[in-house]
Amino acid sequence: MRYAVISDIHGNLEGLQAVLRECSLAKVQAILCTGDIVGYGANPKECLAIIRQFKIITVAGNHDWAVGGRLDFSHFTDDGRAAVEWTRGNISMEDIAYLNGLELVVKNKDCILVHASLDHPKEFRYMTNVSKVTESFTLMDVPVCFIGHTHVQGVFVQADGKFYYLDNSTIEIQPRYKYIVNSGSVGQPRDGNPMAGFCIYDTQLQTIELRRVPYNIHEAQKKILEAGLPQNLAFRLSLGK
């Protein structure tokens, strides 16, 4: 199987369309999403329509559940709270029901999907360093788990009782090792690279490729500003922060 894994779209239609075009060129057979379809960007309805149209298997992100009403978002940043409230007013009740129906964890024979951590998925903890991922590794019964949430591409590896962090563009999966892979953010990267991030998981070749693709950032920024969303949500797109 050749999967594309996407995450943290955050209502960025231009970013999502660019990634899907790249996925088509890469001849992926299925697309998986580790959450946060909505929040921050100006096209939540359109992004939700694409996810549902293509039947992309998706888990719940914190912004998805916040918009749907299943998560208290009082601890979000000012920009985050404003985006949740704006998004609620710009999607349908059917969209709300879809977001509320998303599960926290989805697993198949090849991988596990979760937005943040496997050990406490409802708490949406940030997996930012090796010390924070060790418990999640103990819960894995397949070699690969895909996450999002931090908007930073990278791979945590458990190998022979030790833990590593890699940011290589291509990872070769080794027998008996475990991998927690952050595919990066489609719609709001935060690693200094403004290009949309995603990854490709090839189960036959046993490789994971971290990829980036350019998209029309100016158009996404223009829509955010015209929608009356916080200006910083537009400005940060060109900085990748």
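This note sets out the overall form of a predicted model and then turns to three of its residues.

1. Overall dimensions. The chain has 241 residues and a radius of gyration of 17 Å, which agrees with the value near 18 Å that a compact globule of this length would have. Along the principal axes, its C-alpha atoms fill a box of roughly 50 × 35 × 30 Å.

2. Secondary structure and long-range contacts. Eight helices and 12 strands make up the secondary structure of the chain. When contacts between residues at least 6 apart in sequence are considered, 71% of them join residues at least 24 apart.

3. Burial and surface. Of the 241 residues, 56% count as buried. The accessible surface of the chain is about 10600 Å², and carbon and sulfur atoms account for 51% of that area.

4. Charge. There are 24 positive and 26 negative side chains in the chain. The centres of these two sets lie 2 Å apart.

5. Residue H115. This residue belongs to the loop that runs between β5 (112–114) and α6 (134–138). H115 counts as buried because its relative accessible area, 0%, is under the 20% limit. Its side chain has a polar contact of 3.3 Å with the side chain of N62. In addition, a polar atom of the H115 side chain lies 2.6 Å from the backbone oxygen of T34.

6. Residue D119. The loop between β5 and α6 also holds D119. With a relative accessible area of 14%, D119 is buried. The side chain of D119 makes a polar contact of 3.2 Å with the side chain of S117, and another of 2.9 Å with the side chain of S136. Residues up to four places away in sequence aside, D119 touches R125, E135, S136 and L139. As for its position relative to an earlier part of the chain, D119 and L99 are 20 residues apart in sequence, and their C-alpha atoms are separated by 22 Å.

7. Residue S136. The partner of D119 in the 2.9 Å side-chain contact is placed in helix α6. S136 is buried, its relative accessible area being 1%. Beyond its neighbours within four places in sequence, S136 is in contact with S117, L118, D119, M127 and I180.

8. The loop and the helix together. The polar contact between the side chains of D119 and S136 links a residue of the loop between β5 and α6 to a residue of helix α6. S117, which shares a side-chain polar contact with D119, is also among the residues that S136 contacts.

Technical notes. Residues numbered from 1 in each chain as written. Predicted model: local features only at pLDDT ≥ 70, side-chain atom pairs only at ≥ 80, totals over all residues. Heavy atoms only, no water. Helix = DSSP H or I, 4+ residues; strand = E, 2+ residues; numbered from the N terminus. Buried < 20%, exposed > 50% of the residue type's maximum accessible area, 1.4 Å probe, protein only. Polar contact = N/O pair within 3.5 Å; in protein donor to acceptor, adjacent residues only side chain to side chain. Rg over C-alpha atoms; globule rule 2.2 N^0.38 Å. Contact = heavy atoms within 4.5 Å. Areas by Shrake-Rupley, 256 points an atom, 1.4 Å probe, with all protein chains shown as cover. Lys, Arg positive; Asp, Glu negative; His and termini not counted. Charge placed at Lys NZ, Arg CZ, Asp CG, Glu CD.
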